[in-house]
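Open your viewer and keep the selection tool handy. We'll walk from one spot to the next, and at each stop I'll say what to select and what is there.

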Amino acid sequence: MIEVKQVSKAFAQTKKTAYQALDLVSFTINKGEFVSLLGPSGCGKSTLLNLVAGFETAYDGEIRVNGEPVKGPGAGKVVVFQEHGLFPWLNVLDNVAFGLKQQGIPKKERHERALEQIKSVHLSKFVDRYPHELSGGMKQRVAIARALVMEPDILLMDEPFAALDEQTRYILQKDLEDIWLRTRKTVLFITHNIREAVILSDRVLVMSTQPGRIKQEFVIQAARPHHAGDAMIHHYENRIMETLSEELEKVVREEIGHDYRIAKNAVPDLPDRNLGIGI
Ligand SMILES: Nc1ncnc2c1ncn2[C@@H]1O[C@H](COP(=O)(O)OP(=O)(O)OP(=O)(O)O)[C@@H](O)[C@H]1O
């Protein structure tokens with residue numbers, strides 16, 4: 001369980017000024033829940049994830065994981081990043097087993113545990129391959145196996161699929177949903193992609209920007225596994241897009257001028273429209 005209570009975070013800009021990245025953010029993620037944070041660039045998603053991960057400890061408010069205040073990384077939390085961070089000199093098996101080796105787990109056991117997770121991400125045929133021999137999607141699968149092998153209670157995922165092409169991304173989303181349905185890890189998932197958030201999540205927290213706040217929560221009440229073609233999924237995508245439009249306008253106006261307006265009905269309500277891009 002993750003509890004974030006009244007969390008604010010400012011970054012120093014000059015000696016006298018500070019940028020308020022997060023302002024009184026509160027939410028709870030229950031054990032076994034999959035929750036996404038969605039919001040425009042710069043709204044503070046990664047800052048929030050870094051605080052929950054324990055990478056950054058200077059902030060106001062309170063963050064608890066499984067009832068304990070977060071004091072640093074570890075303690076049942078594992079982070080998966082967009083950059084998979086595989087070791088190029090290790091093959092798939094040794095990349096996945098690396099964290100267990102650090103813990104002093106004997107070779108036989110760590111290989112058995114690593115192979116089990118490699119199987120769960122469908123890479124059993126590629127255990128001997130090195131990262132340069134793998135596609136982007138396969139590398140991200142290795143990164144997921146490497147996280148799962150540590151048997152964390154909590155997975156923190158910072159745009160893990162952002163660098164992948166649309167088809168590979170969709171396949172990995174479905175595989176992640178499948179893994180989550182089997183393991184019921186508690187997941188905090190960051191994305192820019194509306195469809196990805198809706199497909200994967202039990203709840204989507206939409207953030208507003210400047211300063212970062214939770215603007216609205218959407219409980220995704222669609223049958224699992226979620227399907228992109230499901231009318232309920234479309235319904236949530238549309239509602240989230242409406243909520244986000246205001247925030248996107250704010251970001252674009254900040255960047256290119258104050259008279260900018262997103263054209264009304266700029267997001268067509270067609271079944272094959274792709275809400276995965278553009279924010
Ligand atoms: N170490 C830092 N020092 C100063 N400002 C920072 C620092 N880290 C983040 N910021 C600022 O805080 C704000 C939030 O950044 P953050 O990376 O959390 O946003 P984000 O929503 O994850 O963005 P993106 O979706 O583009 O990754 C941004 O304006 C960013 O410039």
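One term before we start: a residue is called buried if 20 or more other C-beta atoms lie within 10 Å of its own, exposed if 12 or fewer, and partly exposed in between, with C-beta atoms placed from the backbone. Bear in mind that this is a predicted model: local features need pLDDT of at least 70, side-chain atom pairs count only at pLDDT 80 or more, and totals for chains, interfaces and linings use all residues. To find your way, count residues from 1 along each chain as its sequence is written.

**Stop 1: Val70**

Select Val70, in the loop between strand 5 and strand 6. Strands here (E, at least two residues) and helices (H or I, at least four) are DSSP runs, numbered from the N terminus. Is Val70 buried or exposed? Val70 is buried, because 23 other C-beta atoms lie within 10 Å. Now show what surrounds it. Leaving out residues up to four places away in sequence, Val70 touches Val52, Gly54, Ile63, Arg64 and Val65; two residues are in contact if their C-beta atoms, placed from the backbone, lie within 7 Å. Try a distance label too: the C-alpha atoms of Val70 and Thr57 are separated by 8.1 Å, with the two residues 13 apart along the chain.

**Stop 2: the four-stranded sheet**

Next, select strands 1, 2, 4 and 5. They make an open sheet in the order 2-1-4-5, with antiparallel pairing; two strands pair if DSSP finds at least two bridges between them. Strand 2 and strand 5 (68-69) are at the edges with a single partner strand each, so one side of each has no neighbour in the sheet.

Follow the pairs across:

- Strand 1 (residues 2-12) and strand 2 (residues 18-29) run antiparallel and are joined by eight bridges. Val4 stands opposite Phe27 in strand 2, and a hairpin of five residues links strand 1 to strand 2.
- Strand 1 also runs antiparallel to strand 4 (residues 60-65), with five bridges. Here Ser8 has Asp60 as its bridge partner.
- Strand 4 pairs with strand 5 over two bridges, again in the antiparallel sense. Val65 is partnered by Glu68 in strand 5.

Now add helix 1 (residues 45-53), which packs on the sheet and touches strand 1, strand 2 and strand 4. The direction of helix 1 makes about 120 degrees with that of strand 1; axes are lines fitted to C-alpha atoms, for helices over the stretch in contact, and angles run from 0 to 180 degrees between N-to-C directions. Within helix 1, Lys45, Leu48, Leu49, Leu51, Val52 and Ala53 are buried. Just past the end of helix 1, check Gly54, which has a positive phi of about 90 degrees.

**Stop 3: the six-stranded sheet**

Move on to the other sheet. It is open, has six strands in the order 6-7-8-3-9-10, and its pairing is mixed. Strand 6 (77-81) and strand 10 (213-219) are the edges, each with a single partner strand, so each has one side without a neighbour in the sheet. On average, neighbouring strands are turned by 20 degrees against each other, direction ignored.

Zoom in on strand 3 (residues 34-38) and strand 9 (residues 203-208), which run parallel with four bridges between them. Leu38 stands opposite Val206 in strand 9. Strand 9 is also joined to strand 10 by six bridges, this time antiparallel, and Leu205 has Glu217 as its bridge partner. The hairpin between strand 9 and strand 10 has four residues, including Gln210 with a positive phi of about 50 degrees.

**Stop 4: two domains and a shared core**

Colour by domain: the assignment, which comes from an automatic or database source, gives domain 1 (2-76 + 154-256) and domain 2 (85-151). Their centres, taken over C-alpha atoms, are 26 Å apart. Where they meet, eleven residues of domain 1 are in contact with seven residues of domain 2. On the domain 1 side, helix 5 (residues 166-183) gives the largest share, six residues.

Last, show the largest nonpolar core, with 67 residues. Such a core is a set of buried Ala, Val, Leu, Ile, Met, Phe, Trp, Tyr and Cys residues joined through C-beta atoms within 7 Å. Helix 4 (residues 136-148) supplies the largest share, seven residues, and each domain contributes at least three. Val52 and Val96 are among the residues with the most contacts inside it.
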